[in-house]
Amino acid sequence: MSTINLRIYDLRKTRQLSQKDLADELGVSVQTVSKWENHVCMPDITMLPDIARFFQVSVDELLGLSPLTGEEYIPVRSGEKDYWDSRLDYLKASRKTMWNDDYIGFLVKEVWKIDKPVNVLDCGCGFGYMRMMLMPLFPEGSTYTGIDFNAHLLQEAENLFQKEETGYKAEFVCDDFIKHSFRNHYDVTISQCTMRHVNEPQKFLQKMIAQTKSGGMVVAIDVNRELESDGLYIDGMDYAELCQRTGFRKMWIKEKEYQGRDYAIGMRLPLMMREEGLRHVDVRMNDRVTFVYPECEDYAKAVECFLEEKNWRHGISAETEEKIVREFMNHGMDRKEAENYCRIQRKMQAYMAENKDSLKYLHSRGLLISYGWKSKESRDKLAI
């Protein structure tokens, strides 16, 4: 049963009313309004329609079961640099199971046919994962430049680079990619799982193209949230329940409308590349599917990595869960949908913990790899 979260305080503050103002309007005491707002007691059921009518909301909105109409939208913060300050462990855990080495090698040598030294720009490079994956595959004499707005992640990228013996030069730039003035143009401009977090993905793509040399290649790797949501199967659990995303479409649509974040960016990127004038645009899907079972190599390490990625090592408090519910409701879900998401997360976390030594699961991210080449006719819409 959904939790009641009476929104009288929020509605009163929006109207800039005092507790006395509201008490006078409803014919009750100031103490009664205070008790409602502090969840000491609820209004009499017969009063709910009158209170809802006064605030011009539905009873469900008043009770916190549906999002408040006209409530101020609170943007997702993953496009802000400080959001990533504490997420290095998550990034490392998620990237460990993102690629098959042979497939990335196949792309470089057989699909993109890179056989001469290239200068690479990694846009939103984080801790430099794509550098570690790609640069050993590129011809000797290639160079790497990674740019990210989070200094903590970049410091880790530099630390990892210093520990390696590499045959190429690397540079790390701490700045906002869109705003940064680059000295150079690049043969290969790449981003991975970055545009899903930015508010203006087309502007980000335009900047990538502007920084690419004529004849150079632009690669954008990202997900479609629909595919991603269906990508986890845990043996012993109901797959239909694992794939439930009731309310998420409403949330994704609202985020796109209010913030510009595109839940289907992985699907749209090839079309955007064509629109921006890239030629020979094509798409591949990453072939990595993680299959884990007790007898597989490094089983315990794989499970620990997965728990870290999903943030399932420890349970969450009721206070934290309520915060998640409110955020989801602010983005378009109703309370029942948001609470159901939390319930399924708790259920998966508990199952993984109880069966830690005998788990069998598959995990597919559905990463789409879009790429194209810049011709002289490509439109550089952003100043360099």
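Ile234 stands opposite Tyr361 in strand 9. Start there, and keep in mind that this is a predicted model. Three bridges join strand 6 to strand 9, which covers residues 361-364. The two strands run antiparallel. In general, strands of a sheet pair through backbone hydrogen bonds, and they can do so in parallel or antiparallel fashion.

Now widen the view. Strands 6 and 9 belong to an open sheet of three strands, ordered 6-9-8 and paired antiparallel. Strand 6 and strand 8 (289-292) are the edge strands. Each of these edge strands pairs on one side only. Direction ignored, neighbouring strands of this sheet are turned by 10 degrees against each other on average. Helix 15, residues 299-310, packs on the sheet. This helix touches strand 6, strand 8 and strand 9. The direction of helix 15 makes about 55 degrees with that of strand 9.

Next, follow the chain out of strand 6. Gly236 lies in the loop between strand 6 (232-234) and helix 12 (239-242). Is Gly236 buried or exposed? Its relative accessible area is 58%, so Gly236 counts as exposed, the cut-off being over 50%. Gly236 also brings us back to Tyr361. The two residues are 125 apart in sequence, yet their C-alpha atoms are 9.2 Å apart in space.

Compare another loop residue. Arg196 lies in the loop between strand 4 and helix 10 (201-210). Its relative accessible area is 18%, so Arg196 counts as buried, the cut-off being under 20%. What does Arg196 touch, leaving aside its neighbours within four places in sequence? Its contacts are Asp222, Val223, Arg225, Glu228, Arg261 and Ile265.

Finally, turn to the nonpolar cores. The largest has 41 residues. Trp99, Trp112 and Ile369 have the most contacts inside this core. Which elements give two or more residues to it? Four helices do: helix 6 (88-95), helix 7 (101-111), helix 8 (129-134) and helix 9 (151-163). Strand 4 (186-192), strand 5 (212-222) and strand 10 (368-373) do so as well.

Take Ile369 as a guide to its surroundings. Its near neighbours in sequence, those within four places, are left aside here. Ile369 is in contact with both Trp99 and Trp112. Its other partners include Tyr103, Leu107, Val219, Ala220 and Ile221. Ile369 also contacts Asp282, Val283, Arg284, Met285 and Asn286. Apart from the largest core lies another core, of 20 residues. Among its members are Tyr186, Val198, Phe204 and Leu269.

Notes: Residues numbered from 1 in each chain as written. Predicted model: local features only at pLDDT ≥ 70, side-chain atom pairs only at ≥ 80, totals over all residues. Heavy atoms only, no water. Buried < 20%, exposed > 50% of the residue type's maximum accessible area, 1.4 Å probe, protein only. Core = buried A, V, L, I, M, F, W, Y, C linked by side-chain atoms within 4.5 Å. Contact = heavy atoms within 4.5 Å. Pairing = 2+ DSSP bridges. Axes fitted to C-alpha atoms, helices over the stretch in contact; angles between N-to-C directions.
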